[in-house]
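Dear colleague,

Please find below the sequence and structure that I am handing over to you. My findings follow directly after them.

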Amino acid sequence: MKFLMTYASDPKQGPPTPEQMAAIGKFSQEMLKSGVVLMTGGLVRPTKGTQVKLEGGKFTVLDGPFPETKELIDGFALIKASSKAEAIEHARRFMSIAGEGQGEILQVFEPMEIPG
């Protein structure tokens, strides 16, 4: 099973310390080497983002900056886990290093697994 995991730090917490960043990097490397993490990365702030929209048959592209958003995703990981419970445990371990915040765990379906 594959899961997409997102993480958004608590905005009141401030940026991660150099020690936290080093610990996150070490944890990420261990998880990549073990094959649990398939892909991971941080996301740029919305001031550098692009929004796309299809409405009424019209496709539009809008470059930032955008108004401040309360919930910003700081990073993501695509992981392989044997169960949702295992994915939750990986999230717990990561968040214990990264600090207070919230995230989401979404199961990713392979093309042959799409419910139909």
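The protein chain in this predicted model contains two helices and six strands. Taken in sequence order, these elements follow the pattern β-α-β-β-β-β-α-β.

With regard to the chain as a whole, 20% of its 116 residues are buried. Its accessible surface comes to about 8500 Å², and carbon and sulfur atoms account for 60% of that surface. Among the contacts with a separation of 6 or more, 75% are between residues 24 or more positions apart.

I turn next to the interior. The largest nonpolar core is made up of eleven residues, namely Phe3, Met5, Phe27, Met31, Val36, Val37, Ala77, Ile79, Ala81, Ala87 and Ala91. Four elements each give two or more residues to this core: strand S1 (2-9), helix H1 (18-34), strand S5 (75-80) and helix H2 (84-98).

Met31 is one of the core residues, and its surroundings may be of interest to you. Setting aside neighbours within four places in sequence, Met31 is in contact with Val36, Val37, His90 and Arg93. Of these partners, Val36 and Val37 are also listed in the core.

The charged side chains form the last topic. Side chains of opposite charge can pair when their charged atoms come close. How many salt bridges does a search of the whole structure find? The search finds two.

One of the salt bridges joins Glu89 to Arg92, with 2.6 Å between the closest N and O atoms. Both residues belong to helix H2, where they are three residues apart, or about one turn of the helix. Glu89 has a relative accessible area of 35% and is therefore partly exposed. Arg92, at 48%, is likewise classed as partly exposed, because the exposed class begins over 50%.

The other salt bridge links Glu55 with Lys53, and here the closest N and O atoms are 3.2 Å apart. Glu55 has a relative accessibility of 52%, so this residue counts as exposed. Lys53, by contrast, is partly exposed, its relative accessible area being 46%.

In summary, the points I would ask you to look at in the structure are the eleven-residue nonpolar core, the contacts of Met31 with Val36, Val37, His90 and Arg93 beyond its sequence neighbours, and the salt bridges Glu89 to Arg92 and Glu55 to Lys53.

With kind regards

Terms used:
Residues are numbered from 1 along each chain as its sequence is written. This is a predicted model: local features need pLDDT of at least 70, side-chain atom pairs count only at pLDDT 80 or more; totals for chains, interfaces and linings use all residues. Side-chain values use heavy atoms; hydrogens and water are left out. A nonpolar core is a set of buried Ala, Val, Leu, Ile, Met, Phe, Trp, Tyr and Cys residues joined through side-chain atoms within 4.5 Å. Buried means under 20% relative accessible area, exposed over 50%, partly exposed in between (1.4 Å probe, protein chains only). Contact means heavy atoms within 4.5 Å. A salt bridge is a side-chain nitrogen of Lys or Arg within 4 Å of a carboxyl oxygen of Asp or Glu. Accessible areas come from the Shrake-Rupley method with a 1.4 Å probe; for residues, only the protein chains shown count as cover.
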